[in-house]
Amino acid sequence: MTAYADYKPLTFHDAAARFTDGSDSPRAYLERSLETIAQREPVVKALTAMNEAGARAAADASAARWKAGKPLSSIDGMPIAIKDLLETRDMPTEMGCAAMKGNFPKRDNAAVWALRQAGAVILAKTVTAELGGAHPGPTTNPFDPRRTPGGSSSGSAAAVAANMVPAAIGTQVGGSIIRPAAYCGNVALKPTQGGINRGERLATSQSTHGPHAGCLEDMWHVAIEMAKRCGGDRGALGLMGPDALPAAVRPNRLIVLQTEGWPDVDAATRAGFAQVLRQLEAAGVTLIRRTDHPFVEALEQAVANGRAVCNGITSWENRWYQRGMLDAAPDGLSVRAKATLAKAEAMTPDDYRTNLLARQQAQLAHAAVAAVADAAITLACPGPAPVWSGDVPGQKLAPRPTGDFVFNAPSSMLFAPAVTVPLMSVGGMPVGVQLMGQQHEDARVTGLARWLSENLKRIATPA
């Protein structure tokens, strides 16, 4: 286990610069990743499957392209892990669910196909919470195995934080990209809704694909190389922007968004976030809070029930396929998943419509603040990753064993791009800060995040 204070993330973009002169190679890079996996995986437990032979063949093919000066993209040769909700032609897709055990469609998700087209080395599948929900898998936080890595992209976040791979693909419906990245000290992009083609993962209206990475360069390169090849969801414009990491953009004005999660933030995390905000003010950035502008207050009110809105929409949209799964395999879902399904089946169409209306109103309130500030800044999680030791038989199930997505619900329901940056630690554990922009401003928000990363000092506070 590496102490977070001593942590140095694994990166790829700088290694790729050495592939052309032969001082390094994609195959050598892959072998280093495999060595790290052998060392860390017994405790971190981030992976569900690996294709070492296929990865080595892909790395060798990449090495030949780099030697010839003809790489397919900036991520040619990059080892990447894929959340086990997305289909892969060479590894099973079991979705962290007993009912899906042995599922092996032998086809690629659209985003996975795009990664292969860009020359990426698809190395492994990563643990997901059951069906992308709240029931956790076995993965532990790389900086403290007693704690959750977050969910549902548990394995993707942990694999990057443990330096097993430089990037991994996660998915988010409520908070499953940004929160685990924040708990594990990664950078991550939750794109504008529909920004990266979900392929077969179109069941829910808020689901998105996005990359976890050790640095912003790798995060952006993975996202844009996917989008250049597979585009966005049907009917969506898709992620757009430059091939290289967007230039750093100093924000002039930022909205400090509290959300419904603010009352539950611990004192140490509040103190650390306040120091981040003071650094911004010292750099000349104007901070706008809910009491400063009526549009900001309207946005705060519009997202004040974000968790319930996201849960209501998603559980309704998932109920039929999950009911079919449960009918076919009565013991194939966890008690936690069955409870979620029961709540969904108690909903009416009007309940769903009411949640959709709340989401639509929140999106209008968010569009209105475009004239007020460059973006919103808020915490990416309520504090350090919580300790999770498993459900206790006979006792009530923990409602959020992979952590609270309260600070992630706004970007999900607003269909807005969000980037998390590891600007804080509390009690020696990572705590992320996120920037949220207007729809289709993914590149601009990434540029703002780059400026924060390059100009602000990481804040460390005791627990």
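Helix 10 passes helix 11 in a left-handed crossing. The model in which this is seen is a predicted one. Two packed helices are described by the angle between their axes and the distance between the axes. For this pair, helix 10 spans residues 306-328 and helix 11 spans residues 335-345. Their axes come within 9 Å and cross at roughly 120°. An angle over 145 degrees would count as roughly antiparallel, and 65 to 115 as roughly perpendicular; helix 10 and helix 11 are therefore oblique to each other.

On the side of helix 10, the contact is made by Ser315, Trp316, Arg319, Gln322, Arg323 and Leu326. Helix 11 contributes Lys338, Thr340, Leu341, Ala344 and Glu345. Sorted by character, the residues of this contact divide into 4 nonpolar, 3 polar and 4 charged.

Charged side chains also pair up elsewhere in the model. The count of salt bridges comes to 29, and a set of them can be followed through helix 7, which covers residues 216-230. A starting point is glutamate 225, which forms a salt bridge with lysine 228, the closest N and O atoms being 3.5 Å apart. Both residues lie in helix 7, 3 residues apart, about one turn of the helix.

Glutamate 225 also meets arginine 229 in a salt bridge, with 2.5 Å from N to O. These two are separated by about one helical turn, because they stand 4 residues apart in helix 7.

Is glutamate 225 buried or exposed? Its relative accessibility is 3%, so glutamate 225 counts as buried; the cut-off for that class is under 20%. Its two partners fall into another class: lysine 228, at 44% relative accessibility, counts as partly exposed, and arginine 229, at 26%, also counts as partly exposed.

Lysine 228 has a further partner outside the helix. Aspartate 243 forms a salt bridge with lysine 228, and the closest N and O atoms are 3.3 Å apart. Aspartate 243 lies in the loop between helix 7 and strand 7 (253-256), whereas lysine 228 is in helix 7, so this pair ties together parts that are 15 residues apart in sequence. With a relative accessibility of 46%, aspartate 243 counts as partly exposed.

Another part of the chain holds a linked group of such pairs. Arg27, Glu31, Glu52, Arg56 and Asp60 are joined in a network of salt bridges.

Notes
Residues are numbered from 1 along each chain as its sequence is written. This is a predicted model: local features need pLDDT of at least 70, side-chain atom pairs count only at pLDDT 80 or more; totals for chains, interfaces and linings use all residues. Side-chain values use heavy atoms; hydrogens and water are left out. Axes are lines fitted to C-alpha atoms, for helices over the stretch in contact, and angles run from 0 to 180 degrees between N-to-C directions. Angles under 35 degrees count as roughly parallel, over 145 as roughly antiparallel, 65 to 115 as roughly perpendicular and the rest as oblique. A crossing is left-handed if the near helix is turned anticlockwise from the far one by less than a right angle, and right-handed if clockwise. Contact means heavy atoms within 4.5 Å. Ala, Val, Leu, Ile, Met, Phe, Trp, Tyr, Cys and Pro count as nonpolar, Asp, Glu, Lys and Arg as charged, and the others, Gly among them, as polar. A salt bridge is a side-chain nitrogen of Lys or Arg within 4 Å of a carboxyl oxygen of Asp or Glu. Buried means under 20% relative accessible area, exposed over 50%, partly exposed in between (1.4 Å probe, protein chains only).
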